[in-house]
Amino acid sequence: MQDRRLEKLMQIASNCALCPRCCGVDRTRGETGFCGVGMEAHVCSWGPHWGEESVLVGRGGSGTIFFAGCNLECVFCQNYEISRISHGHKLSRAELASVMLKLEKRGCVNVNLVSPSHQLPAIYCAVNTAKQEGLKVPVVYNSGGYDSVEALKCFEGLIDIYMPDLKYADADVGRELSGV
């Protein structure tokens with residue numbers, strides 16, 4: 001029986017509402033929306049990272065996976081090459097799961113999914129696979145904070161730590177500085 005949560009994510013992606021931007025493209029048919037990526041995981045880099053909050057770094061670093069593309073358009077973006085130019089490599093769901101397991105094997109204290117909001121179906125499958133293959137470290141959902149609650153509900157029990165950025169308390173400022 002196919003996983004109902006994956007079915008829900010695929011339904012959300014077919015008239016894309018994976019994030020609150022709701023651009024409406026059919027990602028399941030290869031279309032790309034505002035974020036610039038399709039259904040495959042598009043990863044810019046991965047490895048131990050010591051630039052996170054100290055509780056997430058530990059002795060082996062945070063096992064960051066930086067995803068390409070973004071659902072935001074921040075004028076102050078520190079990762080423009082990743083978020084808007086989308087440098088990186090497409091990975092199959094199995095390859096992404098393998099990356100997660102390699103990060104754990106290297107001694108990383110968690111798997112840190114950086115800017116995942118727009119690549120959820122591939123990430124969902126990869127996290128499931130990695131956990132079935134023995135992933136034990138916590139999984140961190142490290143987003144820009146512009147997330148679909150409906151899509152996030154599909155990750156219940158798979159994500160251990162949610163770490164959204166709180167960028168704005170004023171919608172007008174959010175529109176001016178991040179286009180949302």
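The following exchange explains why certain terms are applied to this predicted model.

Reader: How many helices and strands does the protein have, and in what order do the elements run?

Author: The protein has 7 helices and 6 strands. Read from the N terminus, the order is α-β-α-β-α-β-α-β-α-β-α-β-α.

Reader: Why is the protein called as compact as a globular protein of its length?

Author: The radius of gyration is 15 Å, and the globule rule gives 16 Å for 180 residues. The two values are close, so the protein is as compact as a globular protein of that length. Along the principal axes, the C-alpha atoms fill a box of roughly 40 × 40 × 30 Å.

Reader: What share of the residues counts as buried, and what share of the contacts joins residues 24 or more positions apart?

Author: Of the 180 residues, 48% count as buried. Among contacts with a separation of 6 or more, 67% are between residues 24 or more positions apart. The protein exposes about 9,100 Å², of which carbon and sulfur atoms supply 50%.

Reader: What makes a set of residues a nonpolar core, and which residues have the most contacts inside the largest one?

Author: The members must be buried residues of the nonpolar kinds, such as Leu, Ile or Phe, joined through side-chain atoms within 4.5 Å. The largest such core has 40 residues, and those with the most contacts inside it are Leu9, Ile65, Phe67, Leu96, Met100, Leu113 and Phe155. Among the elements that give two or more residues to this core are helix 1 (4-14), strand 2 (62-67), helix 4 (93-105) and helix 5 (120-132). Helix 5 supplies the largest share, 8 residues. A second, separate core has 5 residues, including Cys44, Phe66, Ile82 and Val114.

Reader: Which residues does Phe155 touch, apart from those up to four places away in sequence?

Author: Phe155 touches Arg5, Leu9, Leu120, Ile123, Tyr124 and Tyr162.

Reader: Why is Asn128 given the label it has, buried or exposed?

Author: The relative accessible area of Asn128 is 18%, and buried means under 20%. Asn128 is therefore called buried. Asn128 belongs to helix 5. Leaving aside neighbours within four places in sequence, Asn128 is in contact with Asp3 and Leu158.

Reader: What makes Glu156 buried or exposed?

Author: Exposed means over 50% relative accessible area, and Glu156 has 60%, so Glu156 is exposed. Glu156 is placed in the loop between helix 6 (149-153) and strand 6 (161-162).

Reader: How do you know that Glu156 is in contact with Arg5?

Author: Contact means heavy atoms within 4.5 Å, and Arg5 and Tyr162 meet that condition with Glu156 when neighbours within four places in sequence are left aside. Glu156 and Arg5 are 151 residues apart along the chain, and their C-alpha atoms are separated by 9.5 Å.

Reader: Why does His89 receive its label, buried or exposed?

Author: The value for His89 is 55%, and the limit for exposed is over 50%. His89 is therefore exposed. His89 is found in strand 3 (residues 89-91). Residues up to four places away not counted, His89 touches Ala41, His42 and Val43. The C-alpha atoms of His89 and Glu40 are 9.7 Å apart, although 49 residues separate the two in sequence.

Reader: What makes the phi of Cys22 and of Ser115 worth a remark?

Author: Most residues other than glycine have a negative phi. Cys22 is not a glycine, yet has a positive phi of about 45°. Ser115, also not a glycine, has a positive phi of about 60°. Cys22 is found in the loop between helix 1 and strand 1, whereas Ser115 lies in the loop between strand 4 and helix 5.

Reader: Why are Cys22 and Ser115 called partly exposed?

Author: Partly exposed lies between the limits of 20% and 50%. Cys22 has a relative accessible area of 46%, so the term applies to Cys22. Ser115 stands at 26%, so the term applies to Ser115 as well.

Reader: How do you know that Thr28 is partly exposed, and which residues are in contact with Thr28?

Author: Thr28 has a relative accessible area of 37%, which is between 20% and 50%, so Thr28 is partly exposed. Thr28 has its place in the loop between helix 1 and strand 1. Beyond neighbours within four places in sequence, Thr28 is in contact with Met10, Ala13, Ser14 and Met39. The C-alpha atoms of Thr28 and Met39, 11 residues apart along the chain, are separated by 6.5 Å.

Conventions: Residues numbered from 1 in each chain as written. Predicted model: local features only at pLDDT ≥ 70, side-chain atom pairs only at ≥ 80, totals over all residues. Heavy atoms only, no water. Helix = DSSP H or I, 4+ residues; strand = E, 2+ residues; numbered from the N terminus. Rg over C-alpha atoms; globule rule 2.2 N^0.38 Å. Buried < 20%, exposed > 50% of the residue type's maximum accessible area, 1.4 Å probe, protein only. Areas by Shrake-Rupley, 256 points an atom, 1.4 Å probe, with all protein chains shown as cover.
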